[in-house]
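Me: I keep running into labels for protein structures and I'd like to know where they come from. Can we go through a few together?

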Amino acid sequence: MELTREQRQRYNRHLILERFGLEAQTRLLQSKVLLVGAGGLGSPVALYLAAAGVGTLGVVDGDTVSITNLQRQVLHTTGDINRPKVEVAAERIHTLNPDVHVETYECYLSEANALDLIRPYDFIIDGTDNFATKYLVNDACVMLGKSFSMGGISRYSGQLMTHVPQSACYRCLFPEPPAKEDVETCAMVGVLGSIAGMLGTVQATECIKYLTGVGELLTDSLLTFDALTMQWQRFTFPQRPDCALCGAHPSIHELKEYAFQPCQSKNNK
């Protein structure tokens, strides 16, 4: 793939970067990434992947912009209130980098559509804040042999992990969703807005590393962040041989959409 003069200028800092260069940039331009959620985490992910030159970005989100989103969802502005988040995301991405092709899906990920939405993409990023969707992303990606980054934020903290085939999946760490009464959502307890940017940029970096083959991924690991102490911690956990999804003898062969979706209501994302 030959880069145009404008592309060589746009991506200059990548092209001169040791261990990156033209080959890695070309891989980005030829890659397809799906963002599940265009909210707090999805906003910085979308902006940094667009800036990096990922060729195709798919954005899945069925919500509209609310004034309560603006404290942390930096894709959206006051003038975007009540507009579909995917529509706003596509405009911002195109404005930032016209190289990027955007596919929008104004819907929520579900048992019925997850496999079809995920299948065409090279890497999946989950930026949602409900367990039903996280397990759908995890299960669909493992079934399809797709790699993904999964993140979550609440109050003053966040956590994320990366999965590639043959590494630990989300169910290796959390075999089943928690009980409804044990779940705290951002709408219930709040979240420090800047944490979305800190965790989202890590997810974008994991995606770029995966697509280009540069660096070590957060596989078989959970990375946590505490803003009150400014501490990052990385905990390792192996792929479980008895995992119901990715273990030696899996018992999960079809997608199951959990009825409990605490943050699915309009404007609570």
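Here are some questions about the labels, each with its reply.

Reply: Before you start, this is a predicted model, where local features need pLDDT of at least 70, side-chain atom pairs count only at pLDDT 80 or more, and totals for chains, interfaces and linings use all residues. Residues are numbered from 1 along each chain as its sequence is written, and side-chain values use heavy atoms, with hydrogens and water left out.

Me: Why is Asn97 called buried?
Reply: Buried means under 20% relative accessible area, exposed means over 50%, and partly exposed is in between (1.4 Å probe, protein chains only). Asn97 has a relative accessible area of 0%, so it's buried.

Me: And what makes Leu192 partly exposed?
Reply: Its value is 36% relative accessibility, so Leu192 counts as partly exposed.

Me: Where does Leu192 sit?
Reply: Leu192 is in the loop between α9 (186-189) and α10 (193-212). Those helix labels come from DSSP runs, numbered from the N terminus: helices are H or I with at least four residues, strands are E with at least two. The chain comes to 10 helices and eight strands.

Me: How do you know that the chain is as compact as a globular protein of its length?
Reply: You take the radius of gyration over C-alpha atoms and set it against the globule rule, 2.2 Å times the number of residues to the power 0.38. The chain has 18 Å, close to the 18 Å the rule gives for 269 residues, so it's as compact as a globular protein of that length.

Me: Which residues is Leu192 in contact with, leaving aside neighbours within four places in sequence?
Reply: Contact means heavy atoms within 4.5 Å. Leaving those neighbours aside, Leu192 is in contact with Gln71, Arg155, Tyr156 and Ala227.

Me: What about Asn97, with its neighbours within four places left aside too?
Reply: Asn97 is in contact with Arg10, Tyr11, Ala50, Ala51 and Gly53.

Me: What makes the link from the side chain of Asn97 to the backbone oxygen of Ala50 a polar contact?
Reply: A polar contact is a pair of N or O atoms within 3.5 Å; within protein, one must be able to donate a hydrogen and the other to accept it, and residues adjacent in sequence count only if both atoms are side-chain atoms. The side chain of Asn97 reaches that oxygen at 2.8 Å, so the pair falls within the 3.5 Å limit. A polar atom of the Asn97 side chain also lies 2.9 Å from the backbone nitrogen of Asp99.
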